[in-house]
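The exercises below are to be worked with the sequence and the coordinates side by side. Each task is followed by a solution that goes step by step.

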Amino acid sequence: MKQSAAFLGLAEALERVRSTTSKNQKVETLSEYLKGLKPEDAEIAARVASGRSSARGSKDEAQVGYSTLLEVLREVTGVTQEGVSKSYLRHGDLGEVAEELLEEKKEQPLFSDPLTLGDLDEAFQRLRSLKGHGSAAAKRGVVKSLILRATPVEGKYVVKVLTGEMRTGLVSGLLEEAIAAAYSLTKADSARAHMILGDIGLLARQAAAGDVSGIKIRPFRPVNFMLAEPLATAGEIAEHFGKAAYAEYKYDGVRAQVHRAGGSVRVYSRRLEDITSSFPEIVDSMKGSEGDCILDGEIVPFSDGRPLPFQLLQRRLRRMEKFAEAAKNAPVSYFAFDILMFGGEETTNQPLSNRRALLRRLVRGTTVRLAETADVSTEGEINAAFRRSRELGYEGLVVKDPDSVYAMGRRGSGWVKLKEELDTIDAVIVAAEYGHGKRAGVISDYTFAVRDGDELKTIGKAYSGLTDKEIEEMTRRLKEITIKDFGYRRKVKPEIVVEVAFDSIQLSERHDSGYALRFPRIKRIRTDKGVADIDTMEKVESIFSGQRLKVDER
Ligand code: ATP
């Protein structure tokens with residue numbers, strides 16, 4: 001590890017990236033920095049630049065709570081709790097707090113070799129491996145030894161990665177561009193390799209080693225899912241395609257990729273996590289399939305030919321009950337709607353019509369179900385399919401272009417979705433309060449925010465939608481991620497994503513987004529989404545102006 005590059009170089013490059021608003025300059029700065037690194041260092045640097053301490057999809061994260069970080073900062077700098085709080089109120093960012101406080105470090109390390117990227121990665125690995133009873137103290141020790149050795153600007157980025165709050169404006173597309181520029185790849189090749197590898201660090205490593213052209217989809221390495229564009233009406237959809245399209249039921253469950261090779265089967269979530277052990281029936285349902293294959297589809301709670309409420313699945317995902325019980329309470333079926341590999345060959349570049357034919361062949365002999373499809377071209381036909389889907393208990397439709405390729409990780413125009421509600425917003429909880437009456441003693445009121453560039457802006461407060469059990473569990477988690485405790489109210493680390501339904505959006509002075517959701521209710525806790533996946537101000541504004549049009553028309 002000794003020849004690994006100094007971490008200071010990366011921290012300074014990230015400072016330069018952060019200080020410019022120009023996307024080109026961000027890309028140029030990072031690519032210049034990456035150029036000089038060897039593959040192993042490029043992997044660590046690119047991953048850290050993306051705000052992650054571990055590869056996307058890896059089972060364990062180097063999670064360290066705010067409270068641990070604050071404690072370490074106090075110990076190392078000797079600043080009081082009040083001093084830290086004041087600094088936090090000034091900056092609103094724990095990384096910047098670390099930078100400010102570390103200027104006056106009290107303790108000095110026993111030896112003071114500069115930190116390298118390798119040291120950093122080793123510490124992250126240690127943090128990931130520490131689990132269970134007694135791990136909190138050990139984690140604090142690892143963080144403390146890092147912070148002790150860190151210069152102020154290094155401390156800032158250590159904390160930023162450990163809290164997942166990078167805020168440098170380096171979105172995934174810019175990172176792909178910087179890697180392309182550093183290693184003389186086209187942007188398209190860089191983006192494609194990223195989708196297949198699923199992790200920006202691996203991309204940088206392979207690119208630095210000059211090894212990108214041979215990257216292919218392969219079993220047991222999940223790829224990013226294709227997403228659907230929302231459209232408001234059947235009429236818009238008919239116009240969008242202007243030709244015959246496939247209308248599939250929109251199944252309400254958990255998106256999942258099923259990989260099969262050499263007799264074993266694994267299931268991956270939308271976050272590319274391995275969720276096989278939660279769904280052994282899906283492994284069974286693939287029995288009888290042949291050859292290496294990768295399927296895309298939805299795991300749906302399903303029994304007697306009908307879908308069951310989605311909430312049943314959440315207990316299974318959180319492993320709140322034993323498997324036998326879970327399978328009885330929430331039996332599931334896998335509804336496949338796409339195929340990315342068939343007989344060991346990648347199929348993503350084939351038109352959907354071909355992929356569907358292959359999928360049909362593959363599931364023959366298995367108990368995997370095919371998503372139901374109707375051929376539609378007119379507004380009337382789309383509306384009829386939509387009503388049928390709703391009557392059967394599904395959420396709406398995903399309408400697909402038969403000629404479209406599978407666009408990994410993209411919200412391509414090849415797939416559009418139609419739902420009944422005005423819409424829902426995925427937002428992150430940023431503060432919470434204890435309830436009253438029946439809800440006294442539990443944290444049941446949640447203030448949530450959407451994304452506005454690098455910032456979070458609050459847009460509402462919800463009191464309803466969750467069951468008592470869910471509120472209990474929420475209370476426990478919110479306590480764990482509390483940043484500041486004001487007694488009845490807490491500011492929490494933005495981490496829990498909720499899908500919020502509402503009646504309309506109003507202008508509001510109460511929330512810093514300038515809008516408020518009217519009659520918000522939590523539809524579900526989105527364990528499959530992280531804060532990077534929440535909805536943006538653009539979406540809020542577009543729903544707001546759309547609803548204005550409707551009112552005006554009336
Ligand atoms: P998005 O996934 O578009 O960010 P979201 O997670 O809120 O938004 P929805 O708006 O509900 O999801 O719609 C897209 C999701 O619908 C897909 O990610 C997938 O999980 C699900 N889905 C259900 N049925 C289908 C289908 N037949 N084809 C494609 N996706 C489907």
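**Exercise 1.** In this predicted model, decide whether Tyr66 is buried or exposed, and then classify the ring pair formed by Tyr66 and Tyr88.

*Solution.* Tyr66 has a relative accessible area of 3%, and because buried means under 20%, Tyr66 counts as buried. Tyr88, at 10% relative accessibility, is buried by that cut-off as well. Turning to the geometry, the ring centres of Tyr66 and Tyr88 lie 6.5 Å apart with their planes at 70°, so the pair is edge-to-face. Since Tyr66 belongs to helix 4 (residues 66–77) and Tyr88 to helix 5 (residues 81–91), the pair ties together parts that are 22 residues apart in sequence.

**Exercise 2.** Classify the ring pair of Tyr251 and Tyr394, and state which parts of the chain it links.

*Solution.* The ring centres are 4.7 Å apart and the planes stand at 70°, so this pair is edge-to-face. Tyr251 sits in the loop between strand 2 and strand 3, whereas Tyr394 sits in the loop between helix 18 and strand 11, 143 residues apart. Both Tyr251 and Tyr394 are buried, and ring pairs join them with Tyr249, Phe302 and Phe335 into a cluster.

**Exercise 3.** Determine how strand 18 (residues 497–501) is placed in the structure and which way its side chains point.

*Solution.* Val497, Glu499 and Ala501 point one way, Val498 and Val500 the other. Five of the five residues are buried, so strand 18 is largely enclosed by the rest of the structure. Strand 13 runs antiparallel to strand 18 and is joined to it by five bridges, with Asp426 partnering Glu499. Strand 21 pairs with strand 18 over four bridges, also in the antiparallel sense, and there Val498 stands opposite Ile525.

Notes
Residues numbered from 1 in each chain as written. Predicted model: local features only at pLDDT ≥ 70, side-chain atom pairs only at ≥ 80, totals over all residues. Heavy atoms only, no water. Buried < 20%, exposed > 50% of the residue type's maximum accessible area, 1.4 Å probe, protein only. Helix = DSSP H or I, 4+ residues; strand = E, 2+ residues; numbered from the N terminus. Pairing = 2+ DSSP bridges. Phe/Tyr/Trp six-rings, centres within 6.5 Å; stacked < 30°, edge-to-face > 60°.
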